[in-house]
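Hi,

Here is the structure I promised to pass on. Please open it alongside this note.

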Protein chains: 2
Amino acid sequence: MAMLMIGELARRTGVKVNTIRFYEDIALMPKAARTDSGRRTYSEADVKRLTFIRNGRDLGFSTEELKSLIGLSEHPDLDCGAAAAIARRHLLAVEARMSRLMLMRRELERVAANCDGGRMADCQVIGAIAEAPSH
Amino acid sequence: MAMLMIGELARRTGVKVNTIRFYEDIALMPKAARTDSGRRTYSEADVKRLTFIRNGRDLGFSTEELKSLIGLSEHPDLDCGAAAAIARRHLLAVEARMSRLMLMRRELERVAANCDGGRMADCQVIGAIAEAPSH
DNA sequence: CTTGATCCTCCAGTGACTGGAGGATGTATT
DNA sequence: AATACATCCTCCAGTCACTGGAGGATCAAG
């Protein structure tokens, strides 16, 4: 399998080189194998893991949460009740986020549409989003 | 209208007292009026604004983005094309986030369901989420 | 064998909080 | 009026998750 350098991994995942090294420091990414000269090498599995991390971070999960989420798929046999509990906890967070995002979207659509007309009557971005459930 | 102290505002919005003061420092919240003894006082409008900020932050918007979003509803007459542009830009970000959240949710549901059975066959949390579109 | 890109480590800075010290003020109780 | 306790104030140090840069080694191409 073709090994890639850190720069290529960065390009493929959209995660900066420095950030990848930082993720290794905090053990969110495993210690990378090195070439003789000390350069990190990565595999396709690392591309997947890092893409997952990137998506997860964008969605607001902390690095600790991502570690536990990654743990889920690394020990699929072990401790299944705990895994389900973690999954369900994250599920609740995800659903809360989605409902607020839907409200935010609806209001932004309204603003964009109203503005298109030339001038907007009353822009209630805050008013609408402020009513959204908090968690 | 009944004025409230910073602690009451914190309780009502779920934003910590220190964070409210921090938001004032960075001008995300306006400079609060003060009592004779120097204590900050707030109105219902502040509750709304801060609730909006809280929701927005939870959804991953930066404080700068929230300032521009708040600007939308504070100058509804002025610069309407710019407002629509900002709104549409945020709309794209919101939609990207939603589609990734939906993927995350589907996968977490699957994990939770599989685990319920007692043991999960293969937990593909990473695999599934890693395929999600990046933006 | 030099040039330029990429890699390495280390370290300082940023954004968005979070918590605590040290002290003043407000309210309720004795 | 005196004490107690909550809440407020300012200021400042610490945390998390990066981000960027200095200073130097390595590699691939011309």
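Below is what came out of it, starting with the DNA and ending with one serine.

Please keep in mind that this is a predicted model.

DNA strand D first. It is surrounded by 18 residues. A:Asn18, A:Ser37, A:Arg57, B:Gly7 and B:Arg21 are the closest. By class, the surface near strand D holds seven charged, seven polar and four nonpolar residues.

What part of the strand faces the protein? Of the strand D atoms within 4 Å of the protein, 75% are sugar or phosphate atoms. The rest belong to bases.

Three polar pairs are worth a look:

- A:Lys16: a polar side-chain atom sits 3.0 Å from a phosphate oxygen of strand D.
- A:Arg39: a polar side-chain atom is 3.1 Å from a base oxygen of strand D.
- B:Gly7: a polar backbone atom lies 2.7 Å from a phosphate oxygen of strand D.

Two elements each give two or more residues to this surface: helix 2 (17–25) of chain A and helix 1 (6–13) of chain B. Helix 2 of chain A provides the largest share, with four residues.

Now the serine. A:Ser43 lies in the loop between strand 2 (40–41) and helix 3 (44–58) of chain A. Is A:Ser43 buried or exposed? Its relative accessible area is 16%, so A:Ser43 counts as buried, the cut-off being under 20%. Setting aside neighbours within four places in sequence, A:Ser43 is in contact with A:Met3 and A:Leu4.

Best wishes

Notes. Residues numbered from 1 in each chain as written. Chains lettered and ligands numbered in written order. Predicted model: local features only at pLDDT ≥ 70, side-chain atom pairs only at ≥ 80, totals over all residues. Heavy atoms only, no water. Near = heavy atom within 4 Å. Polar contact = N/O pair within 3.5 Å; in protein donor to acceptor, adjacent residues only side chain to side chain. Nonpolar A, V, L, I, M, F, W, Y, C, P; charged D, E, K, R; others polar. Buried < 20%, exposed > 50% of the residue type's maximum accessible area, 1.4 Å probe, protein only. Contact = heavy atoms within 4.5 Å.
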